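Hi everyone, thanks for coming. I'd like to walk you through a structure today, one piece at a time, so have a look at the screen and follow along with me.

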2 protein chains.
Amino acid sequence: MESLEKKQYELDFTKIRESVRVFAPATVANMICGFDILGFAVDYPGDEVAMYRVEEPGVRIRTIVGDDGKLPLDADRNTVSACVKMLLAHLGIQDELGIEIELTKHMPIGSGLGSSSASTVAGLFAVNSLLGNPLSKEELMPFCVEGERLACGHGHADNVAPALMGGITLVRGYQPLDVIKLPVPDELYAGIVFPQVDVPTRDARQLIKEKVLLKDAVTQWGNIAGLIAGLYERDYALISRSMHDVLIEPTRAILIPEFYEMKRIALAAGALSFGISGSGPSVVAIARGKEVAEQAASFIQQHLTQCEIESLKYVSSVNVDGPKLLD
Amino acid sequence: MESLEKKQYELDFTKIRESVRVFAPATVANMICGFDILGFAVDYPGDEVAMYRVEEPGVRIRTIVGDDGKLPLDADRNTVSACVKMLLAHLGIQDELGIEIELTKHMPIGSGLGSSSASTVAGLFAVNSLLGNPLSKEELMPFCVEGERLACGHGHADNVAPALMGGITLVRGYQPLDVIKLPVPDELYAGIVFPQVDVPTRDARQLIKEKVLLKDAVTQWGNIAGLIAGLYERDYALISRSMHDVLIEPTRAILIPEFYEMKRIALAAGALSFGISGSGPSVVAIARGKEVAEQAASFIQQHLTQCEIESLKYVSSVNVDGPKLLD
């Protein structure tokens with residue numbers, strides 16, 4: 001991978017910290033119309049990684065909290081520790097340093113909110129912080145993409161990019177990796193609802209057809225272009241007109257119970273747009289102002305409750321900072 | 001058509017002029033990566049319409065200059081006069097007013113530079129000016145799209161939008177028609193070369209496949225999003241990285257002699273990007289600064305001369321004004 005080429009980083013062993021604690025945010029990939037290229041970070045939920053420097057060399061997982069026993073404790077198989085090992089190896093210090101990790105998941109796995117990306121980014125941001133920040137965020141990005149490849153088989157950046165950079169990100173392309181931060185209109189809020197049904201990312205991807213009609217692709221990229229312009233212009237009406245997914249939603253919505261009724265409810269509540277977060281089953285109402293986002297999400301959750309579907313709800317502005325040190 | 005709905009316009013017959021003369025610009029549709037949604041206007045070439053109020057009611061073509069006899073003089077079949085008649089009928093004054101038209105084509109027909117659009121826009125802008133501007137440019141737009149439908153069978157707006165509005169335009173969608181003006185970086189220049197070979201728009205469209213690979217569409221809309229961001233950021237490097245067409249160019253380039261050699265020459269001369277203008281056969285080198293655009297176009301033209309292909313060359317900044325009154 002071109003971007004992972006060997007490079008000299010300034011490492012000062014006297015600057016290595018004893019411990020750090022890091023939060024990295026959940027993310028809404030695709031941002032409704034921008035399949036595989038757009039995404040944004042939210043204030044919560046997110047994952048937390050505590051990292052400790054220890055005497056005995058090697059990287060180990062101490063504990064994982066909040067994963068219902070789903071994630072491996074084996075340091076070579078767990079995404080967080082595997083990413084940390086990859087970075088240490090890249091820096092040529094894998095045999096010198098001892099690191100132990102506590103991972104706390106504050107968000108559901110398989111929700112379409114970039115759960116593995118949040119953990120990957122938290123782990124890599126944490127180890128970089130522990131080492132005194134030898135790498136910039138831009139330099140950390142290719143390692144995050146590699147982490148995503150370890151976690152789900154595809155080196156997509158549409159979740160790790162906003163989780164690491166914060167805000168709204170565009171992944172223009174991969175050869176080389178080209179991530180662009182887009183402007184964030186102040187009043188943009190997300191009302192997220194996670195219906196607790198199981199939709200594995202791999203299945204959601206497999207449903208999507210390999211070929212699409214060119215005329216539908218033109219509609220889609222007209223909307224993508226409109227959304228980018230709308231973000232720069234802070235034009236909420238244009239953002240609303242542009243956030244339509246004619247290509248992916250019709251297929252993926254089949255996997256999500258009550259999707260079109262939730263959409264009706266969100267738009268009736270005044271949301272600018274509504275769609276699937278990542279590969280689902282979480283859905284997101286994009287709104288101007290917190291109140292509308294809150295109402296849309298609440299009404300959706302009420303409807304799901306009536307249908308006897310349990311759900312989680314998150315209302316957040318766009319998180320422009322990305323991962324942060326706690327304490 | 002929703003946008004052509006009847007509406008009351010303020011018409012003051014005392015304000016109708018005796019004559020007007022209007023220039024409307026050529027346009028580069030697609031802007032390399034934005035098939036069917038992006039386009040920009042240039043300072044020249046373009047078409048000229050002179051319009052005269054006469055006693056005898058009805059719309060007539062007096063003369064057409066520069067078309068090599070290709071365009072019909074019949075007022076119902078000529079696009080310019082047919083558009084003028086459509087607007088007069090819409091205003092309910094088709095039986096009251098007498099108008100005669102002189103059309104001067106300063107640009108080749110079938111060149112991929114929006115020849116019919118320039119004429120359509122010149123005609124509609126002229127009649128609106130003659131009538132004292134009852135319609136805004138935005139209100140004229142749907143009539144221009146109708147004119148394009150008369151001229152080439154498809155109601156596309158990617159040439160008429162920049163020809164009428166000036167600058168760089170995004171046609172986000174058609175239901176309803178949604179045209180957005182994008183920012184124009186000052187130093188953006190186009191070096192256009194028209195190799196004098198015949199590529200009818202209809203044939204160029206028919207070559208394009210109905211279905212495309214989703215992964216290619218994702219690459220394309222990543223580039224489109226990157227270009228829009230690059231225009232807002234005035235980031236010429238991002239503009240350059242983004243202006244690639246992986247979907248349409250591989251097919252249409254077959255119709256254009258020496259296409260890949262012209263591309264090599266343009267990029268070697270320092271152009272930001274190179275591609276097909278509209279449906280071709282004109283090609284365009286996008287450059288930062290007039291000098292690079294001029295060099296790229298000259299080198300391309302020299303190469304075509306060596307290949308015994310005659311060509312025309314135009315070097316222009318982006319025309320931000322659109323049509324203008326002459327005199």
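Let's begin with charges. Searching the whole structure, over all chains, turns up 30 salt bridges. Before we go on, please keep in mind that what you see is a predicted model.

If salt bridges are new to you, here is the idea: side chains of opposite charge can pair when their charged atoms come close. A nice example sits within chain A, where the side chains of A:Arg21 and A:Glu48 meet, with 2.3 Å from N to O. Where are these two along the chain? A:Arg21 belongs to strand E1 (residues 19-29) of chain A, while A:Glu48 belongs to strand E2 (residues 38-54) of chain A. They are 27 residues apart, so to speak of them as a link between distant parts of the chain is fair.While we are in strand E2 of chain A, look for A:Pro45, which is found there too. The peptide bond that joins A:Tyr44 and A:Pro45 is cis, with an omega of about 0 degrees.

Chain B has a cis peptide bond to show you as well, between B:Gln175 and B:Pro176, with omega at about -5 degrees. And where does B:Pro176 sit? Its place is the loop between E5 and E6 of chain B. Those two strands, E5 (residues 168-174) and E6 (residues 177-182) of chain B, run antiparallel and are joined by six bridges. One pair to find on the screen is B:Tyr174 with its bridge partner in E6(B), B:Leu177. Together E5(B) and E6(B) make a hairpin, with two residues between them.

Please stay on chain B for one more backbone detail. B:Met31 has a positive phi, near 50 degrees, in a residue other than glycine. You'll find B:Met31 in the loop between strand E1 (19-29) and strand E2 (38-54) of chain B.

Now back to chain A for another hairpin. How many residues lie between E9(A) and E10(A)? There are six, and in the turn A:Gly278 has a positive phi of about 55 degrees. Strand E9 (residues 273-276) and strand E10 (residues 283-288) of chain A run antiparallel, with four bridges joining them. Across that pairing, A:Ile276 stands opposite A:Val283 in E10(A).

What does the UniProt record add? In an unreviewed entry, UniProt lists "domain: GHMP kinase N-terminal" for residues 78-167 of chain A. Over residues 78-167 the model shows 57% helix and 9% strand, and the end C-alpha atoms are 27 Å apart. UniProt also places "domain: GHMP kinase C-terminal", again from an unreviewed entry, at residues 228-304 of chain A. Over residues 228-304 we have 55% helix and 13% strand, with 32 Å between the end C-alpha atoms.

Let's move to the place where the two chains meet. On one side are 33 residues of chain A, in contact with 34 residues of chain B. The size of an interface is often given as the accessible area lost when the parts come together. Here chain A and chain B bury about 2,800 Å² between them, and 72% of it is on carbon and sulfur atoms. Three residues to pick out are A:Arg172, A:Leu214 and A:Trp221, which supply 26% of the area that chain A buries against chain B, more than any other three residues.

What about polar links across the interface? The count is 13 residue pairs in polar contact between chain A and chain B. Several elements of chain A each supply at least two residues to the side that touches chain B: strands E5 (168-174), E6 (177-182) and E8 (211-213), and helices H6 (214-233) and H7 (236-242). Which one gives the most? That is H6(A), with 14 residues. Sorted by type, the residues on this side of chain A are 20 nonpolar, five polar and eight charged.

Two salt bridges are counted between chain A and chain B. A salt bridge between A:Asp178 and B:Arg241 has its closest N and O atoms 2.6 Å apart.

Last stop: strands that pair across the chains. E8(A) is joined by three bridges to strand E8 (residues 211-213) of chain B, and the two run antiparallel. To see it for yourself, find A:Lys211, which stands opposite B:Leu213 in E8(B).

Thanks for listening, and do take a turn at the screen!

Technical notes: Residues are numbered from 1 along each chain as its sequence is written. Chains are lettered from A and ligands numbered from 1 in the order in which they are written. This is a predicted model: local features need pLDDT of at least 70, side-chain atom pairs count only at pLDDT 80 or more; totals for chains, interfaces and linings use all residues. Side-chain values use heavy atoms; hydrogens and water are left out. Contact means heavy atoms within 4.5 Å. Buried area is the accessible area (1.4 Å probe) that two parts lose on being put together, summed over both. A salt bridge is a side-chain nitrogen of Lys or Arg within 4 Å of a carboxyl oxygen of Asp or Glu. A polar contact is a pair of N or O atoms within 3.5 Å; within protein, one must be able to donate a hydrogen and the other to accept it, and residues adjacent in sequence count only if both atoms are side-chain atoms. Ala, Val, Leu, Ile, Met, Phe, Trp, Tyr, Cys and Pro count as nonpolar, Asp, Glu, Lys and Arg as charged, and the others, Gly among them, as polar. Two strands pair if DSSP finds at least two bridges between them. UniProt positions are given in the numbering used here, feature names are shortened, and annotations may be inferred rather than shown by experiment.
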